[in-house]
Amino acid sequence: MQAVLNPGAGPTPPTRTETASPGGKTVDMVRIGMVGARFGATVHLQNLAPLRGTRVQITGICSQSRESAEACARRFDIPFVTTDLAALLDRKDVDAVDLC
């Protein structure tokens with residue numbers, strides 16, 4: 001999506017039916033990597049639940065505690081678990097990161 005610039009204003013934000021990716025392309029779904037696996041992540045994942053499968057995909061979770069990450073991944077059906085933040089950030093299927 002190409003931003004339309006207005007004099008004195010910033011770029012026009014994407015509409016509700018479009019999501020601009022960092023490369024400027026329109027994508028149908030935002031793929032999110034979660035950082036954190038306890039209370040904050042639980043709250044965020046519960047709030048994202050209605051969007052999962054249509055607008056949002058949770059592709060991975062990272063936590064200092066492998067046990068917490070695995071438990072959260074089981075509860076919310078998250079396919080990738082790691083304790084290495086760089087491993088999560090390097091994934092090609094992560095468009096955005098949710099810091100919890």
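In the predicted model, Asp77 adopts a positive phi of about 55° at the position just after helix H2. The helix that precedes this residue spans residues 66-76. Its buried positions are Ser68, Ala69, Cys72, Ala73 and Phe76. Viewed down the axis of H2, these buried residues fall within an arc of 130°, and they therefore line one face of the helix. Glu67, Arg74 and Arg75, on the other side of H2, are exposed. The cover over the buried residues of H2 includes helix H1 together with strands E4 and E5.

The protein contains 3 helices and 6 strands, which follow one another from the N terminus in the order β-β-β-α-β-α-β-α-β. Four of the strands are assembled into an open sheet with the order E5-E4-E3-E6, in which the pairing is parallel. Strands E5 (81-82) and E6 (96-99) form the edges, each pairing on one side only. The pairing of E5 with E4 (residues 56-62) is parallel and comprises 2 bridges; here Ile61 stands opposite Val81 of E5. Helix H1 (residues 39-48) lies across E3 (30-35), E4 and E6, and runs at about 160° to E3.

Ile61 also has contacts beyond Val81. Leaving aside residues up to four places away in sequence, Ile61 touches Met34, Gly36 and Ala37, as well as Ala69, Cys72 and Ala73. The remaining partners of Ile61 are Ile78, Phe80, Val81, Thr82 and Leu88. Among these contacts, Ala69, Cys72 and Ala73 are buried residues of H2.

In soluble globular proteins, nonpolar side chains tend to be buried together. The largest nonpolar core in the model has 15 residues, of which Ile32, Met34, Leu45, Ile58, Ile61, Cys72 and Ile78 touch the most other members. At least two residues of this core are supplied by each of E3, H1, E4 and H2. Helix H2 provides the largest share, with 4 residues.

Over the protein as a whole, 31% of the 100 residues count as buried. Among contacts with a separation of 6 or more, 58% involve residues 24 or more positions apart. The accessible surface amounts to about 6,500 Å², and carbon and sulfur atoms account for 55% of this area.

Technical notes
Residues numbered from 1 in each chain as written. Predicted model: local features only at pLDDT ≥ 70, side-chain atom pairs only at ≥ 80, totals over all residues. Heavy atoms only, no water. Pairing = 2+ DSSP bridges. Contact = heavy atoms within 4.5 Å. Axes fitted to C-alpha atoms, helices over the stretch in contact; angles between N-to-C directions. Buried < 20%, exposed > 50% of the residue type's maximum accessible area, 1.4 Å probe, protein only. Arc of directions from axis to C-beta. Areas by Shrake-Rupley, 256 points an atom, 1.4 Å probe, with all protein chains shown as cover. Core = buried A, V, L, I, M, F, W, Y, C linked by side-chain atoms within 4.5 Å.
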